[in-house]
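Me: I would like a close look at a single part of this protein, explained slowly for someone in the first year of study.

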Amino acid sequence: MPYTEQTVQSVRPWSDKTFSFTLSRPQDFAFASGEFVTLGLKREGRLIARAYSIVSAANQPELEFLSIHVPDGPLTSQLVHVQPGDSVWLNGKPTGSLTLDHVQPGRVLIMIATGTGLAPFMSLVRDPETHARFETVVLVHSVRTVAELAYRDELESRVNGRFHYVPTVTREPFPTPERGSVLFTSGALFEKLGLPAADPAHDRVMICGNPEMTREMTDFLKAAGWTLTNHRGIGNFTTELAFVTHHA
Ligand SMILES: Cc1cc2nc3c(=O)[nH]c(=O)nc-3n(C[C@H](O)[C@H](O)[C@H](O)COP(=O)(O)OP(=O)(O)OC[C@H]3O[C@@H](n4cnc5c(N)ncnc54)[C@H](O)[C@@H]3O)c2cc1C
């Protein structure tokens with residue numbers, strides 16, 4: 001699939017480790033809310049590209065992304081400096097396992113994110129179809145510092161009787177200091193929100209975050225009788241890694 005040259009429309013820093021940016025959206029670029037694409041920068045004629053979840057909902061005019069800044073990262077050490085008008089190269093083939101078609105409709109949809117793993121869930125929260133398919137939608141976002149709670153204002157403004165936003169901060173004083181995975185596995189999440197305990201017969205779970213959290217939650221859910229959606233069919237939970245850890 002060829003890359004096309006897109007233009008940066010806006011940049012928004014959140015913390016020294018995270019920032020968001022928007023790109024022009026090619027007219028024929030279709031995606032499902034929750035999917036990711038590959039994007040990159042050309043430096044000295046060479047393309048450096050990485051996977052990025054789309055923060056925008058499928059019906060929004062621009063393509064928005066939430067990025068980590070890894071100081072010695074081949075892409076993000078450069079990407080952190082982009083300004084409106086700069087070029088970013090976008091692969092036209094979105095994909096991913098965090099779309100509404102990866103879980104059956106149900107009672108409660110619980111989305112658990114760490115760090116930039118929030119990105120695909122922003123897309124789903126912004127998509128009215130998500131709220132049409134579930135009675136209740138819960139988003140838990142765990143980060144280390146308060147500044148990393150990207151999109152906090154928007155998410156708080158979306159809270160209503162059917163949408164719950166639970167931010168948690170693990171390395172600074174904050175009302176909820178537990179990791180999202182701990183809130184889920186202990187059941188404290190459901191008590192806190194006044195919801196029935198999660199039940200694979202009625203509820204659906206989506207997970208996007210660091211590899212350890214994703215593995216921990218996957219093991220917990222499988223042991224508790226949940227089924228991971230895979231090529232064999234649609235289950236009641238689905239996951240995606242927010243990044244892959246490279247060992248030197
Ligand atoms: C399916 C998928 C979707 C992704 N979506 C996003 C996204 O929406 N936003 C985003 O910022 N990144 C996302 N990533 C990670 C992204 O592809 C790059 O790894 C990231 O942009 C850093 O690129 P880099 O070249 O600077 O460093 P890399 O060489 O790619 O990474 C260096 C190291 O930094 C750490 N790292 C990389 N990405 C992250 C991250 N997001 N959070 C915490 N630590 C990280 C890892 O330890 C990694 O080994 C996604 C990865 C996958 C597989």
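In what order do the 5 strands of the open sheet lie, and is the pairing parallel or antiparallel?

Reply: Two remarks about the model come first. Residues are numbered from 1 along each chain as its sequence is written. The model is predicted, so local features need pLDDT of at least 70 and side-chain atom pairs count only at pLDDT 80 or more, while totals for chains, interfaces and linings use all residues.

The 5 strands form an open sheet in the order 9-8-7-10-11, and the pairing is parallel. Here a strand is a DSSP run of E with at least two residues, numbered from the N terminus, and two strands pair if DSSP finds at least two bridges between them. In general, strands of a sheet pair through backbone hydrogen bonds, either parallel or antiparallel. At the edges of this sheet lie strand 9 (163–169) and strand 11 (237–241), each of which pairs on one side only. From one strand to the next the twist averages 10°, where the axes are lines fitted to C-alpha atoms and the angles run from 0 to 180 degrees between N-to-C directions.

It helps to follow the sheet pair by pair, beginning at one edge. Strand 9 is joined to strand 8 (residues 134–143) over 7 bridges in the parallel sense, and across this pairing V138 stands opposite H164 of strand 9. Strand 8 in turn pairs with strand 7, again in the parallel sense, over 8 bridges, and there T114 faces S142 of strand 8. On to strand 10 (residues 204–209), strand 7 runs parallel to this neighbour and is joined to it by 5 bridges, with M111 having M206 in strand 10 as its bridge partner.

Strand 7 (residues 106–114) deserves a further look, for this strand is mostly covered, with 7 of its 9 residues buried. A residue is called buried if 20 or more other C-beta atoms lie within 10 Å of its own, exposed if 12 or fewer do, and partly exposed in between, with the C-beta atoms placed from the backbone.

Finally, the edge strand 11 also leads to the ligand, since strand 11 is among the elements that give two or more residues to the shell around the ligand, together with strand 4 (46–53), strand 5 and helix 1 (76–79). Of the 25 residues around the ligand, R50, G73, L75, T76 and F243 come nearest, and a residue counts as near if its C-beta atom, placed from the backbone, lies within 6 Å.

Conventions:
Helix = DSSP H or I, 4+ residues; strand = E, 2+ residues; numbered from the N terminus.
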